[in-house]
Amino acid sequence: MISVNQAKSILQKHTPSAKSNILPLEKAIGLICTKDIHSPIAVPSFDNSAMDGYAISWDDQQEPWQVVSEVAAGDGEFHVLQKGQASRIFTGAPIPKGADTVIPQEWVERDGNQITFDKSSFTRGSNVRLKGAQTEAGGIILKKGALINPGGIGLLASVGIAEIPVYSPPKVAVIITGNELQELGKPLSFGQIYNSNGPVLQSYLNTLGVEEVQSTQAIDEPHELQKAIENSLANADILILSGGISVGDYDYVKTGLTKAGVEELFYKIKQRPGKPLYVGILGEKLIFALPGNPASVITCFNQYVKPSLLQYMGHKNSWQPTAKLPLAEPLKRKAGLTFFLKAKIENNQVHILTGQESFNLISFGAADCFAEVAEETEEMAAGSLINVYHW
Ligand SMILES: Nc1nc2c(c(=O)[nH]1)N[C@H]1C(S)=C(S)[C@@H](COP(=O)(O)OP(=O)(O)OC[C@H]3O[C@@H](n4cnc5c(N)ncnc54)[C@H](O)[C@@H]3O)O[C@H]1N2
Ligand code: MOO
C-alpha cells in the first residue's frame with residue numbers, strides 16, 4: 001500500500017498534457033485559455049454618451065445652447081453640431097461631430113429648444129466614453145492560462161470574438177458495475193440498492209465541464225465486463241469504473257483491465273475511505289477504478305479524479321487543498337491511514353460531520369468539503385489548522 005502523497009505524485013506525473021482546441025464561446029465557460037487573446041477592434045469602437053442628456057461642444061463663454069437634433073443608440077448618421085448648438089442624446093449613442101461633452105438631463109433646464117445648466121459641475125469631456133477606453137485594437141484582453149468565467153465571456157463577446165482556443169475536456173467513459181443495482185424510479189426488490197454512484201459521477205463530471213460522458217452499466221460477469229471495458233477504452237481518453245475492485249469473488253475489474261492491456265500505476269492507498277482505489281494507464285489513457293462504496297467513490301473522485309482532470313484541462317495547483325482552516329472540535333483517532341472526513345465550514349471553522357462510514361451518504365446532505373487528517377496524526381486540538389478540499 002502506498003501513501004496518499006505517493007499516489008497523488010504518481011498520478012500527477014502520468015496525467016497527460018492538455019490539448020488545445022478551438023471552441024465556440026458558449027462551450028468555453030470554465031475552461032482555460034491556451035493563448036494570449038488580442039482584440040480585433042477598439043472598444044468602444046466610437047466615442048459615445050455615458051448618459052441620457054444633451055451633447056454639446058464645451059465652451060466656457062456659451063449660454064444658452066440651442067437643441068437642434070437628436071441622436072439615439074444605434075443611430076449611424078447625425079447632424080454636425082455648430083458653436084452654441086446641442087443635440088438631445090441617449091446612453092450609448094455616438095457623440096455627434098462637433099460635440100465633446102454630455103450634460104445629463106437632470107442637470108439641465110430646458111425652455112423650448114433652449115438649454116442651460118450649472119457649468120461648475122462639468123468639464124470638457126464629461127460623460128463621454130472615448131473610442132478605445134476599454135481596449136485598443138490589437139491589445140491583449142485575456143492572457144494564456146486565464147480561466148474563462150462569465151465575465152471573461154462578456155469581455156470576449158464585447159470585441160466580437162465568437163471562438164476561443166481552450167484546453168478542451170477529455171472524453172470520459174464511465175462503467176458502473178454491480179448485480180445489485182436498480183435504476184432510479186423503479187421499485188427495489190429484496191437485496192437491491194439504487195445506483196447512486198452513476199448519478200454522482202455524471203454530475204461531478206458535468207460540474208467540471210465534461211459534458212460528453214459515455215455511460216455503461218455492467219453486471220458482475222467477466223465477459224460482459226470485459227466487453228464494456230474494451231468498448232469504453234476504444235472511445236474515451238479517461239475511463240472511470242465504480243465497484244468490483246476489491247477482493248471479493250465477483251470483483252472482476254482488475255483482471256479485466258489487465259486483460260485489456262492496462263498497466264497498473266497503483267492499487268490500494270493508506271486512506272479511508274477509498275482504500276482499494278486502482279489507477280492504471282493505457283498509452284495516454286488514464287483508468288480509475290473507484291471502490292464501489294458510495295462515500296469512497298465521491299471521496300476518491302474529489303481527491304484523485306478531479307485534480308487529474310483539472311490538470312489535464314490546463315489548471316494549475318489542482319492538487320492543493322483549497323483552504324487550511326481551524327478545526328471546530330478536537331479530534332482523536334488511531335494513526336496509520338489518511339482520513340478524508342466529510343465536513344461543513346461555519347464561521348470559518350471546520351465541523352466534522354457524523355456518519356463517516358463509507359456506505360453512509362447522510363453527511364453529504366450537509367458537507368461542503370473534505371477535511372484531511374494526515375496518516376501519522378493521532379490527535380488534533382480544537383483550533384488547529386486542517387487541510388480542506390471543497391467540492
Ligand atoms: N475482505 C475484504 N473485503 C473488503 C475490503 C478488503 O480490504 N477486504 N475492502 C472494503 C473496502 S474498504 C471497500 S471500499 C469495498 C470496495 O469494494 P468494490 O470496489 O469491490 O465494490 P463493490 O463490492 O462492488 O461494492 C461495494 C459496496 O458499494 C455498493 N455499491 C456498488 N456500486 C454502487 C453504486 N453504483 N451505487 C451505490 N452503491 C454501490 C455495493 O452495493 C456494496 O455495498 O470493499 C470492501 N470489502
Ligand atoms: O476504503 Mo472503503 O472505501 O473504506 O469502504
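The following questions and answers introduce this predicted model.

Reader: How many helices and strands are there in the protein?

Author: The protein has 391 residues, of which 47% count as buried. Its secondary structure consists of both helices and strands, and the count is six helices and 28 strands.

Reader: What radius of gyration does the protein have, against that of a compact globule of 391 residues?

Author: The C-alpha trace spans about 95 × 50 × 45 Å along its principal axes. A compact globule of 391 residues would have a radius of gyration near 21 Å, whereas the value for the protein is 31 Å.

Reader: What share of the contacts with a separation of 6 or more comes from residues 24 or more positions apart?

Author: The contacts considered here join residues with a separation of 6 or more. Among these contacts, the share from residues 24 or more positions apart is 68%.

Reader: Which residues does the UniProt annotation "domain: MoaB/Mog" cover?

Author: The annotation comes from an unreviewed UniProt entry. In the model, the annotated span is 36% helix and 27% strand, and its end C-alpha atoms lie 18 Å apart. The residues that the record assigns to "domain: MoaB/Mog" are 173-311.

Reader: Which residue forms a salt bridge with lysine 83, and how many residues apart in sequence are the parts that the pair ties together?

Author: Side chains of opposite charge can pair when their charged atoms come close. Lysine 83 meets aspartate 59 in a salt bridge, with an N to O distance of 2.8 Å. Lysine 83 lies in the loop between strand S5 and strand S6, and aspartate 59 in the loop between strand S4 and S5, so the pair ties together parts whose separation in sequence is 24 residues.

Reader: Is aspartate 59 buried or exposed?

Author: Its partner lysine 83 has 65% relative accessibility and counts as exposed. Buried means under 20% relative accessible area. Aspartate 59 has 18% relative accessibility, and therefore counts as buried.

Reader: Where does arginine 124 lie, the residue that meets aspartate 100 in a salt bridge?

Author: The side chains of aspartate 100 and arginine 124 meet at 2.8 Å, N to O. Arginine 124 counts as exposed, at 52% relative accessibility. Aspartate 100 lies in the loop between S6 and strand S7, while the place of arginine 124 is the loop between strand S9 and strand S10.

Reader: Which strand holds lysine 344, the salt-bridge partner of aspartate 368?

Author: The closest N and O atoms of aspartate 368 and lysine 344 are 3.7 Å apart. Aspartate 368 is partly exposed, with a relative accessible area of 22%, and lysine 344 is partly exposed as well, at 26%. The pair links distant parts of the chain, with aspartate 368 in the loop between strand S25 and strand S26 and lysine 344 in strand S24.

Reader: Which backbone nitrogen does a side-chain oxygen of asparagine 149 reach at the start of helix H2?

Author: Helix H2 covers residues 150-158. Just after H2, glycine 160 takes a positive phi of about 85°. At the start of H2, the side-chain oxygen of asparagine 149 reaches to within 3.1 Å of the backbone nitrogen of glycine 151.

Reader: Which residue has its backbone nitrogen 3.4 Å from a polar side-chain atom of asparagine 195?

Author: Asparagine 195 lies in the loop between strand S15 and helix H3, and is buried, with a relative accessible area of 13%. The residues that asparagine 195 touches include Ile176, Leu181 and Gln217. The backbone nitrogen 3.4 Å from the polar atom of its side chain belongs to asparagine 197.

Conventions
Residues are numbered from 1 along each chain as its sequence is written. Chains are lettered from A and ligands numbered from 1 in the order in which they are written. This is a predicted model: local features need pLDDT of at least 70, side-chain atom pairs count only at pLDDT 80 or more; totals for chains, interfaces and linings use all residues. Side-chain values use heavy atoms; hydrogens and water are left out. UniProt positions are given in the numbering used here, feature names are shortened, and annotations may be inferred rather than shown by experiment. Helices (H or I, at least four residues) and strands (E, at least two) are DSSP runs, numbered from the N terminus. A salt bridge is a side-chain nitrogen of Lys or Arg within 4 Å of a carboxyl oxygen of Asp or Glu. Buried means under 20% relative accessible area, exposed over 50%, partly exposed in between (1.4 Å probe, protein chains only). The radius of gyration is taken over C-alpha atoms; the globule rule is 2.2 Å times the number of residues to the power 0.38. Contact means heavy atoms within 4.5 Å. A polar contact is a pair of N or O atoms within 3.5 Å; within protein, one must be able to donate a hydrogen and the other to accept it, and residues adjacent in sequence count only if both atoms are side-chain atoms. Lists of a residue's contacts leave out its neighbours within four places in sequence.
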